[in-house]
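Me: I should like to take a close look at one part of this protein chain. Please explain the loop that follows the opening helix, and set it within the rest of the chain.

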Amino acid sequence: MEFLKGTKINSILSGSCPVCQNESMYTVPNPYKVTSTLTMEARCSHCNTKYKIEPSFFFGAMYVSYPVGIFFGSISFFITFYLLNLPFMTSYIILIIVMLLLLPIILRISRNIWINIFMKYDKTKALQFKNSQ
């Protein structure tokens, strides 16, 4: 995904720092490690960006998680009901299973979208890291 470097899409999908995109914001890369799904670093070690802008900053990500969940649920239902022609109840059960399985990913993507609304990529900070190596 190097061709997306510098875009918000890269930061949202990879969970990298929204300012320099040189490291992950999360302490554990695996979102399915339930005890640390939402555990984040306090600051980026490359550009020193503080991730929690204010106390309870990521409560706003709840508003983002709803449309993200609707997106994944709609795709799941469309594939099972319309493309695979499964009965409605079967499609609904599969939708619930898919939503439960994707919950950690939905939570992380929502946080990534939320922080990217308020921060933007800074090419100079990203290049400072590459030049110092």
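Reply: The account below begins with the whole chain, turns to the loop, and then moves on to the pocket and one helix residue.

The model is a predicted one. The chain has 133 residues, and 37% of them count as buried. Four helices and zero strands are found in the chain, so that, read along the sequence, the pattern is α-α-α-α. Taken along the principal axes, the box filled by the C-alpha atoms is roughly 60 × 35 × 25 Å. Consider next the contacts between residues at least 6 apart in sequence: 59% of these join residues at least 24 apart.

The surface may be described in a similar way. The chain exposes about 8,400 Å², of which carbon and sulfur atoms supply 68%. There are 12 positive and 5 negative charges, and the mean positions of the two groups lie 2 Å apart.

We now come to the part in question, the loop between α1 (8-14) and α2. Three of its residues deserve attention, beginning with a cysteine. Cys-47 is placed in this loop. Its relative accessibility is 12%, and because buried means under 20%, Cys-47 counts as buried. Leaving out residues up to four places away in sequence, Cys-47 touches Cys-17, Val-19, Cys-20 and Lys-125. A further distance relates this cysteine to a remote part of the sequence: Cys-47 and Asp-122 are 75 residues apart along the chain, yet their C-alpha atoms are 9.6 Å apart in space.

The other two residues are of interest for their backbone angles. Most residues other than glycine have a negative phi. Gln-21, in the loop between α1 and α2, has a positive phi, near 55°. Asn-48 is found in the loop between α1 and α2 as well, and its phi is also positive, near 65°. Is each of these residues buried or partly exposed? Gln-21 has a relative accessibility of 6% and therefore counts as buried, the cut-off being under 20%. Asn-48 has a relative accessible area of 48%; it is partly exposed because this value lies between 20% and 50%.

The pocket provides a second view of the chain. The largest pocket has a volume of about 160 Å³. Its lining includes Leu-38, Lys-52, Ser-56, Phe-57, Phe-58 and Phe-59. Also among the lining residues are Ala-61, Met-62, Ser-65, Leu-107, Ser-110 and Arg-111. The elements that give two or more residues to this lining are α2 (61-83) and α3 (88-118).

Helix α3 also holds Phe-118. Not counting neighbours within four places in sequence, Phe-118 is in contact with Ile-53 and Phe-57. Phe-57 is also one of the residues lining the largest pocket. Along the chain, Phe-118 and Ile-53 are 65 residues apart, while the separation of their C-alpha atoms is 9.1 Å. Phe-118 has a relative accessible area of 47% and is therefore partly exposed, as that term covers values between 20% and 50%.

To return to the loop, Cys-47 and Gln-21 count as buried, whereas Asn-48 is partly exposed.

Methods. Residues numbered from 1 in each chain as written. Predicted model: local features only at pLDDT ≥ 70, side-chain atom pairs only at ≥ 80, totals over all residues. Heavy atoms only, no water. Buried < 20%, exposed > 50% of the residue type's maximum accessible area, 1.4 Å probe, protein only. Contact = heavy atoms within 4.5 Å. Areas by Shrake-Rupley, 256 points an atom, 1.4 Å probe, with all protein chains shown as cover. Lys, Arg positive; Asp, Glu negative; His and termini not counted. Charge placed at Lys NZ, Arg CZ, Asp CG, Glu CD. 1 Å grid on protein atoms, 1.4 Å probe; cavity = no way out; pocket = protein on both sides within 12 Å on 5 of 7 lines; lining within 4 Å. Points joined across faces, edges and corners; volume = space filled by probe spheres on them.
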